[in-house]
Amino acid sequence: MKIAAYQFAVTNNIRQNLNTIEKAVIHAAHQDAKLIVFPECALTGYPPRNMENPACISFQILYDAYSTLQCLADKHHMYIVCGTITKDSSGYYNSVVIFSPDCARQFYHKRALWGWDNQNFTAKETSGVFQAEHFNIGVRICFEVRFPEFFRELYQKRTDLNLILFYDVADHDDSDRYELIRSHIRTRAVENVTYTLSVNTTVPCQTAPTALFDRSGRILAELKRGDEQMLLYNLSETEPDFGELGRRQVSDRLLNL
C-alpha cells in the first residue's frame with residue numbers, strides 16, 4: 001500500500017487549511033496513494049498557537065470540511081487521516097478524524113493532556129485502530145509518544161502501522177528537541193515491532209519530524225524540516241527478521257498474549 005504524509009503550516013483558517021489538504025489529497029491520489037496523514041489539529045489550528053481557545057472555531061464550517069474530505073475519500077478510494085477538534089456536551093477534544101472510502105468515519109481523541117492541552121481539552125477513551133486495505137493501523141497524537149503504554153495498547157491490537165500526528169513547534173530553532181522526539185518515535189517503532197509514520201506542522205520552527213521508521217527503527221523516509229512537502233512511500237508487509245521475531249516473542253510473554 002502506498003502511503004503519504006503531508007506537512008504544512010497549519011493556520012486558524014479552516015477553509016485555508018482545507019484548501020491545502022484537498023490539493024495534497026488529489027496529488028497523493030495521482031501518485032496512487034491509498035492512505036494520507038496530516039498533522040495534529042490540521043483542519044482547525046491548535047490553541048493557543050492559532051486561536052485563543054476551541055470556542056473560537058466555527059463548527060459549521062468544520063462540518064462542511066468533513067463532508068468535502070469524505071467525498072474525496074470516496075472518490076479516490078483513499079483513507080484520509082487528519083487532526084481536528086471535536087466537541088460534545090462534556091467539552092472539547094483534541095482529535096483525529098479518519099475518513100474511509102466506504103463512507104465510514106471514526107475519531108480518536110488525545111488522552112495525554114498537559115499544559116495547553118489540559119487547559120483546552122478533555123480526555124476521552126477511544127482505541128484509535130482502523131483497517132485500511134489489509135493493514136491494521138493505529139493512531140496516536142503528539143505528547144502520547146512519550147508514554148510507551150499508549151503504544152503497548154496498539155501492540156496488543158497487532159497493528160502493522162502506527163501513525164503519530166504532531167503539532168510540535170518552537171518559537172526558535174531547537175534541534176535538540178527535534179532529535180529527542182525523533183528518538184522517541186524510533187523507540188516506539190522498535191519496542192512494538194511496528195512501522196511508524198509521524199507527521200508535523202512546519203512553523204514557526206518544527207520540533208518533531210515527518211518521517212517513516214521501519215520495525216527496527218531504521219528511517220525509510222524523512223522530510224526536510226520547515227518545508228511544505230509530501231512524503232510518499234510504497235509500504236509492503238514483509239516477514240520479520242530474527243531480532244524482530246525475538247522482540248515479539250518476549251513482548252508476547254511479558255504481556256501474557
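Reader: In this predicted model, at roughly what angle do the axes of helix H1 and H2 cross, and which term describes that arrangement?
Author: The axes of helix H1 (residues 14–30) and H2 come within 11 Å, with a crossing angle of roughly 5 degrees. Angles under 35 degrees count as roughly parallel. H1 is therefore, with respect to H2, roughly parallel.

Reader: How many nonpolar, polar and charged residues make up the contact of H1 with H2?
Author: From H1, the residues that meet H2 are Ile-14, Arg-15, Leu-18, Ile-21, Glu-22, Val-25, Ile-26 and Ala-29. On the side of H2, they meet Ile-61, Leu-62, Ala-65, Thr-68, Leu-69, Leu-72 and His-76. By class, the contact comprises 11 nonpolar, 2 polar and 2 charged residues.

Reader: Where is Tyr-63 placed, and is Tyr-63 buried, exposed or partly exposed?
Author: Tyr-63 belongs to helix H2 (residues 59–76). Its C-alpha atom is separated by 25 Å from that of Ala-112, 49 residues apart along the chain. The relative accessibility of Tyr-63 is 37%, and a residue is buried under 20% and exposed over 50%. Tyr-63 therefore counts as partly exposed.

Reader: Across which strands does H2 lie, and at about what angle to E3 does H2 run?
Author: The strands that H2 lies across are strand E3 (79–88), strand E4 (91–99) and E5. Of the residues in E3, 8 of 10 are buried. Relative to E3, H2 runs at about 155 degrees.

Reader: In what order do the strands of the open sheet containing E3 stand, and which strands are at its edges?
Author: This sheet has 6 strands with mixed pairing, in the order E5-E4-E3-E2-E1-E14. Two of the strands have a single partner strand each, so one side of each is left without a neighbour in the sheet. On average, neighbouring strands are turned by 30 degrees against each other, direction ignored. The edge strands are strand E5 (105–109) and strand E14 (229–234).

Reader: Which residue is the bridge partner of Ile-36 in E3?
Author: Strand E1 (residues 2–7) and strand E2 (residues 35–37) run parallel and are joined by 3 bridges, with Ile-3 opposite Leu-35 in E2. The pairing of E2 with E3 is also in the parallel sense, over 3 bridges. In E3, the partner of Ile-36 is Ile-80.

Reader: How many bridges join E3 to E4?
Author: E3 and E4 form a hairpin, with 2 residues between them. Within this pair, Thr-86 stands opposite Tyr-93 in E4. The two strands run antiparallel, and the number of bridges joining them is 9.

Reader: Which strands stand at the edges of the open sheet that contains E7 and E8?
Author: The order in this sheet of 6 strands is E6-E7-E8-E10-E12-E13, and the pairing is mixed. A single partner strand is found for each of the two edge strands, so one side of each has no neighbour in the sheet. Neighbouring strands are turned by 20 degrees against each other on average, direction ignored. The strands at the edges are strand E6 (129–132) and strand E13 (219–222).

Reader: Which residue in E8 is the bridge partner of Val-139?
Author: Strand E7 (residues 135–141) pairs with strand E8 (residues 161–165) in the parallel sense over 5 bridges. Ile-141 has Leu-165 opposite in E8. For Val-139, the bridge partner in E8 is Leu-163.

Reader: Which residues of E8 point the other way from Leu-161, Leu-163 and Leu-165?
Author: In E8, 5 of the 5 residues are buried. Helix H4 (residues 148–156) lies across E6, E7 and E8, at about 165 degrees to E7. Leu-161, Leu-163 and Leu-165 point one way from E8, and the residues pointing the other way are Asn-162 and Ile-164.

Reader: Is Asp-214 buried or exposed, and to which side chain does a polar contact of 2.7 Å join the side chain of Asp-214?
Author: Asp-214 is located in the loop between strand E12 (211–213) and E13. With a relative accessible area of 7%, Asp-214 is below the 20% limit and is therefore buried. Not counting residues up to four places away in sequence, Asp-214 touches Ala-189, Thr-194, Tyr-195 and Leu-220. The 2.7 Å polar contact joins its side chain to that of Arg-218.

Key. Residues numbered from 1 in each chain as written. Predicted model: local features only at pLDDT ≥ 70, side-chain atom pairs only at ≥ 80, totals over all residues. Heavy atoms only, no water. Pairing = 2+ DSSP bridges. Helix = DSSP H or I, 4+ residues; strand = E, 2+ residues; numbered from the N terminus. Axes fitted to C-alpha atoms, helices over the stretch in contact; angles between N-to-C directions. Contact = heavy atoms within 4.5 Å. Buried < 20%, exposed > 50% of the residue type's maximum accessible area, 1.4 Å probe, protein only. Parallel < 35°, antiparallel > 145°, perpendicular 65-115°, else oblique. Nonpolar A, V, L, I, M, F, W, Y, C, P; charged D, E, K, R; others polar. Polar contact = N/O pair within 3.5 Å; in protein donor to acceptor, adjacent residues only side chain to side chain.
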